[in-house]
Amino acid sequence: MTRLRLIFSRLSIRWKLAIWSSLLLCVLFLAYNGIQYFVINQWMFHQEEKAIQKNMEEIQGYFTAENGNAEEIMNSHAFINSINESHQMIRILDQKGAPLLTVSEMMPEDWVQPEVAIKTTMRSSWHGEEHLLIIRSPLKTSQFKGTIEIVNNLENSDQLSNMLLVVMLAGWLGAIVISGLGGIFLSRQLLRPIQSLTDTMTNIKQKGLQERVEISNSKDELAHLSKVFNELMDQLEQSFHNQKQFVEDASHELRTPISIIEGHISLLNRWGKHDPNILEESLNVSVQELGRLKGIVNELLELTRAEADSSSRYHFQAVIRDTIEYTLKNFIMLHGDFVFHQDLEALEQAKININPNHLEQILLILLDNAIKYSGRIKEIAVEGLLKHQRVYIKVIDQGIGIPQEDVPYVFQRFYRVDKSRSREQGGTGLGLAIAERLVARYGGEISIASTSGRGTIVTLSFPLSG
Ligand code: ADP
């Protein structure tokens, strides 16, 4: 049994389905055919009983009406012959059980021994292979007492029932074969998408993440599974690509300050130790580049934090106007050469679900950019308004702006429009990426509208806190 189970467990689903469907059909057909065979057999036997009983009643009626004696009964051969059927014997016995009259058609008399009946009995018995139905009934007239015996050979109905059995068995075997084949066909049809999934997975293992499952037109569960699998692979490929890009970008960004520091240190090593000018300059540059390195590492850390779990966002609440005013106050102090305009009346006491430190961090990034990329007009405006249950905050500058083709990319990590200029300004290309992730973490949106040479408007929007 365990061996059988082991073999079964090793079979493919296709074969398992075929075997199970055959087995199920086998049992169902067997039960159905068995019941049918039993009912038909019973019905046929009942019909035979009825027929033989009718014969008996006819003979009884005839002799009772005639009120015949033994002699007359012995002479009623013609009448008995007329009701007898093939494979049947009718016998009339006297009181002691000796046959007075025997009429038989295709049935030897000695197959059944005569027997006196006290009451009507009906039974079936066997003579060798022959199945017999025997009815015995007492015959009473005023001049005679005896027994009527009718013996019927059930050969015909037995043959019919055997034929029925053969046909049913053949049908049963046919059904098993057909259901087995049907099971194989059906499982092949059903499992095709799974096979395609397996093939795709194998391909992914061998060739890479770009492989996808072919999706059929059907709308069943397996088509849905293939679709979900493809979507999952899209996400995986995208995140894999992003990770790769991130590592490439990060190492590229880190490499520049490291190379500069390395260059200056080897310069010092070769000539600079005794040249105060070189020593001074190289140390200055190295300190500056180390600061940059530290900045990049810190910002990368910020970025990872900004991408962290957003489940805790509803624990915080910030009165937007207060946070903006507080941040701006610090900026105004640090950048005396800039003119700052504030229009925050519309916000009043509006609150949003955000950690005030994070809102401050986002504003710092935007204001810092506005200052870094300002042109001749050193004016920065911060506006706030409420619309459709959302808070909008705009940071507007009139600086160098961003060329139209670069706008879609500025939120990408390490993306800088003008690399050398941004580097000069101490930019890492991470500020807007961090801001975007922080904004998204609190269910907000950030967008940029900019005209090269005219200025930039960065718009933040958040849902109002309930
Ligand atoms: P960075 O640290 O280089 O400033 P950001 O992610 O903050 O990085 O910005 C990405 C790029 O978008 C910047 O390099 C700059 O070219 C451009 N940019 C961002 N804000 C402004 C702005 N207010 N005006 C002009 N260009 C901007």
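1. A good place to start is the pairing of strand E1 (residues 88-93) with strand E5 (residues 145-153): the two run in the antiparallel sense and are joined over six bridges. Within this pair, Leu 93 stands opposite Thr 147 of E5. Please keep in mind that this is a predicted model.

2. Stepping back to the whole sheet, five strands make up an open arrangement in the order E2-E1-E5-E4-E3, with antiparallel pairing. Strand E2 (99-105) and strand E3 (121-127) have a single partner strand each and stand at the edges, so one side of each has no neighbour in the sheet. From one strand to the next, the twist averages 15 degrees.

3. What packs on this sheet? Helix H2 (residues 13-66) does, touching E1, E3, strand E4 (130-140) and E5. The direction of H2 makes about 30 degrees with that of E4.

4. Now for a pair of helices. Helix H7 (residues 276-306) and helix H11 (residues 431-441) pack with their axes 9 Å apart, at an angle of about 20 degrees. Because that angle is under 35 degrees, H7 counts as roughly parallel to H11. The crossing of H7 past H11 is left-handed.

5. If you would like to look at this contact residue by residue, H7 contributes Glu 299, Glu 302, Leu 303, Arg 305 and Ala 306. From H11 come Gly 431, Ala 433, Ile 434, Arg 437, Leu 438 and Arg 441. Sorted by class, the contact of H7 with H11 holds five nonpolar, one polar and five charged residues.

Technical notes. Residues numbered from 1 in each chain as written. Predicted model: local features only at pLDDT ≥ 70, side-chain atom pairs only at ≥ 80, totals over all residues. Heavy atoms only, no water. Axes fitted to C-alpha atoms, helices over the stretch in contact; angles between N-to-C directions. Helix = DSSP H or I, 4+ residues; strand = E, 2+ residues; numbered from the N terminus. Parallel < 35°, antiparallel > 145°, perpendicular 65-115°, else oblique. Left-handed = near helix turned anticlockwise from the far one by under 90°. Contact = heavy atoms within 4.5 Å. Nonpolar A, V, L, I, M, F, W, Y, C, P; charged D, E, K, R; others polar. Pairing = 2+ DSSP bridges.
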